Amino acid sequence: MSYPLDKYRNIGIAAHIDAGKTTVSERILFYTGISHKIGEVHEGEAVMDWMEQERERGITIQSAATTCFWKDHQINLIDTPGHVDFTIEVERSLRVLDGVVVVFCGVAGVQPQSETVWRQAERYGVPRIIFVNKLDRVGADYFRVVQDVKEKFDIKIVAMQVPVGVSENLSGIIDVLTRKMATFSDSDKGSIVTWQEVPAEYVDKVEELRSEAIEVAADIDDVVGEKYLHEQEISVDEIKAALRKGVISKKVTLAFCGTAFKNKGVQLLLDAIVDYLPSPMDVPPVVGLDPRTGEEITRKTDINEPFCALVFKIATDPFVGVLNFIRVYSGVLESGSYVFNSRTGSKERVSRLVKIHSNKREEISSVRAGDIAAVIGVRDAITGDTLCQEKSLVTLETIKTPVPVISASIEPKAKGDYEKMVLALRKMMQEDPSFTFSYNEETGQTVISGMGELHLEIVVDRLKREHKVEVVQGKLQVAYKETIQKPSDVEGKYIKQSGGRGQYGHVCMKFEPLERGKGFVFENKVVGGTIPREFIPAVEKGLLEAITSGILGGYQVVDIKAILYDGSYHDVDSSEIAFKIAASIAFKEGMAKGAPVLLEPIMKVEVETPEEYMGDVMGDLNSRRGRILGMEEKASKQIIAAEVPLGDMFGYATELRSMSKGRAAYSMEFACYREVPANVQESLIKKNK
């Protein structure tokens with residue numbers, strides 16, 4: 001059965017690790033009839049966590065997509081990871097979703113990764129509602145979390161529900177607009193929702209929140225505003241329609257509550273998804289560029305528009321090969337037809353189309369605007385590619401990939417497994433753009449790089465289990481970078497004349513430091529043909545090769561601008577290779593004269609600890625060159641925020657456990673690159689020599 005587009009909801013569930021996202025997703029599947037048994041994360045049976053590594057660790061690693069149905073609506077749901085090492089999964093999911101449910105733990109409130117998710121949703125302009133979960137736990141407080149979200153993100157937020165009872169005595173949830181209380185039967189895992197009158201002691205609170213909701217609705221919608229001013233009766237449907245408008249325009253965020261684990265409040269969350277989050281028709285048309293002219297093109301969510309879709313995830317399946325997950329923005333794609341990849345310029349045949357239910361597949365004959373599905377048969381696509389029609393080319397905005405901050409060398413235990421290992425690593429790199437690997441010719445080692453210790457641990461684990469390659473992992477290495485601190489003006493000459501045809505390349509260049517995060521910029525200011533135009537790309541190529549290895553420790557060079565302003569050439573002896581070498585000579589000299597410095601990745605660390613261990617924890621962070629940013633008390637625990645160099649955080653989990661008798665926890669995410677202090681730089685360079 002095909003639903004009209006206004007009955008579609010493409011939504012994601014996102015949150016900090018351990019806020020209960022996957023449990024919420026599992027309940028959604030259960031109540032919508034997709035699964036007949038509730039899969040529990042702690043028992044390793046969650047449907048959405050289908051990788052062995054996910055089930056063992058009780059965490060989500062890959063975002064899982066599924067389709068379910070609720071009250072005549074089709075919900076395409078993506079459950080995303082909470083662990084910062086897999087942030088690319090959240091990034092690419094948010095890029096293609098129309099709405100997101102951000103889950104917060106009723107005890108912990110706003111945590112570091114929930115802030116990251118919020119910022120990512122903000123960047124892609126995705127409307128949000130929030131679900132405060134785990135209200136069955138001791139110390140949970142719905143209104144405190146709502147206030148926390150309001151203050152941290154500086155947003156207008158409306159509490160749409162009131163929990164009845166606290167922690168294990170949570171007995172029902174009041175809907176503020178209808179002034180009715182929902183209770184959930186224990187006998188059938190909360191499937192039957194019974195509505196009853198609001199208990200007397202909650203009436204005042206409900207009325208207060210209802211007035212707030214109406215005030216916000218009146219600000220958003222003129223008709224409701226008019227009625228509000230004239231003190232006329234406003235219907236529940238009118239309030240809902242106005243609040244929906246507010247959510248879609250990101251003027252307001254609505255808050256809901258419950259406990260997914262104890263089966264309370266999830267059906268009401270499904271109602272909220274249908275009532276308040278946008279359909280593909282409510283989001284603005286997608287904007288892309290014409291790859292030939294660079295002109296802006298908009299594509300409306302309409303089946304009559306030319307087909308275009310974004311590849312937001314790639315998975316390798318042992319039975320069918322490569323699955324390309326796509327979000328269709330316009331038009332229709334039939335199984336067996338052809339698509340054009342605007343990045344590679346190649347035409348490919350779509351052999352099959354499938355709807356995904358976690359790791360199970362259902363074949364379909366076509367997909368249309370608004371759909372999320374997977375394509376089989378497209379070979380050379382990578383995450384962020386646009387698939388479109390050859391006659392109507394368009395390139396959609398690609399997906400931001402974070403920079404790997406940690407690496408380790410690996411080698412296969414069996415000599416004959418090398419090719420098998422490289423093939424497996426290539427597949428993983430295609431699936432996960434935040435993971436890279438390279439071959440270091442100097443050391444003869446294969447180096448894998450990723451977002452954190454856990455990220456690389458999972459890669460090694462997958463090599464062993466999925467690809468049957470046993471590997472030995474070397475010591476973890478931090479991805480240091482190099483840059484310069486002051487401008488320099490240099491020349492690079494490569495002249496070789498030894499009988500016969502010689503080589504001649506001569507460049508005059510300036511190198512300047514750039515602000516952090518700007519990468520490498522090349523500017524050509526040659527005038528009057530002192531260097532022929534055909535040799536300019538060779539100069540840039542020579543520099544691009546040279547910046548992969550700096551002069552201090554052989555690390556990649558970043559945040560540097562190279563300006564080519566003069567040079568000379570020889571009619572016979574000049575060649576591309578000569579100018580390439582001249583550029584790399586100039587680069588080395590420019591680095592040496594530019595006061596080179598090492599940069600190290602700095603991590604934002606948040607430690608949650610009982611008060612009695614606070615002194616030890618802070619002392620330990622200081623000994624790791626940490627900078628304490630602040631402290632706050634939350635639910636009888638102290639939260640310490642700090643910035644610490646990644647190089648000093650290895651083995652921190654074990655250290656923290658023993659320091660706090662297992663009662664403290666921490667989370668960590670990449671913050672920025674910063675200059676390494678002189679004494680540390682010295683010891684790092686010595687170690688490398």
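This passage describes strand pairing, nonpolar packing, aromatic pairs and cysteines in a predicted model.

Among the strands, S12, S13 and S24 form an open sheet of three strands in the order S13-S12-S24, and the pairing within this sheet is antiparallel. Its edges are formed by strand S13 (296-299) and strand S24 (395-396), each of which pairs on one side only. Strand S12, which spans residues 286-289, is joined to S13 by four bridges in the antiparallel sense, and within this pairing Val287 has Thr298 of S13 as its bridge partner.

A further set of pairings involves strand S37, which runs over residues 637-645 and is mostly covered, since eight of its nine residues are buried. Strand S35 (residues 596-609) pairs with S37 in the antiparallel sense through eight bridges, and in S37 the residue that stands opposite Ile602 is Pro645. Strand S36 (residues 627-634) also runs antiparallel to S37, to which it is joined by seven bridges; here Arg627 is found opposite Glu643 of S37.

With respect to packing, the largest nonpolar core comprises 48 residues, and those with the most contacts inside it are Leu425, Ile448, Val617 and Leu621. Such an arrangement may be set beside a general tendency, namely that in soluble globular proteins nonpolar side chains tend to be buried together. The surroundings of Val617 can be given in detail: when residues up to four places away in sequence are not counted, Val617 touches Val607, Thr609, Ile640, Tyr652, Leu656 and Met659.

The aromatic side chains were examined next. The structure holds nine aromatic pairs, among them the pair of Phe535 and Phe579, which is stacked, with 4.9 Å centre to centre and 20° between the planes. Phe535 is located in the loop between strand S32 (520-524) and helix H12 (536-546), whereas Phe579 belongs to helix H13 (residues 576-593), so the pair ties together parts that are 44 residues apart in sequence. Both partners lie under the 20% limit for burial, because the relative accessibility of Phe535 is 10% and that of Phe579 is 0%. Elsewhere, ring pairs link Phe104, Trp118 and Phe153 into a cluster.

Charged side chains are also found over aromatic rings. Lys347 lies over the face of Tyr338, at 5.3 Å from the ring centre, and Lys510 lies over the face of Tyr565, at 5.0 Å from the ring centre.

Finally, the cysteines were considered, and a search of the whole structure finds zero disulfides. Cys308 is in no disulfide, the nearest cysteine sulfur being that of Cys388, at 7.3 Å. Cys388 is likewise in no disulfide, and the cysteine sulfur nearest to that of Cys388 belongs to Cys308. A disulfide would require the two sulfur atoms to be within 2.5 Å, so the 7.3 Å between Cys308 and Cys388 does not qualify. Cys308 is buried, with a relative accessible area of 0%, and Cys388 also counts as buried, at 0% relative accessibility.

How values were computed
Residues are numbered from 1 along each chain as its sequence is written. This is a predicted model: local features need pLDDT of at least 70, side-chain atom pairs count only at pLDDT 80 or more; totals for chains, interfaces and linings use all residues. Side-chain values use heavy atoms; hydrogens and water are left out. Rings of Phe, Tyr and Trp (its six-membered ring) pair if their centres lie within 6.5 Å; planes under 30 degrees apart count as stacked, over 60 as edge-to-face and the rest as tilted. Helices (H or I, at least four residues) and strands (E, at least two) are DSSP runs, numbered from the N terminus. Buried means under 20% relative accessible area, exposed over 50%, partly exposed in between (1.4 Å probe, protein chains only). A charge sits over a ring if NZ of Lys or CZ of Arg is within 6 Å of the ring centre and within 35 degrees of the ring normal. A nonpolar core is a set of buried Ala, Val, Leu, Ile, Met, Phe, Trp, Tyr and Cys residues joined through side-chain atoms within 4.5 Å. Contact means heavy atoms within 4.5 Å. Two strands pair if DSSP finds at least two bridges between them.
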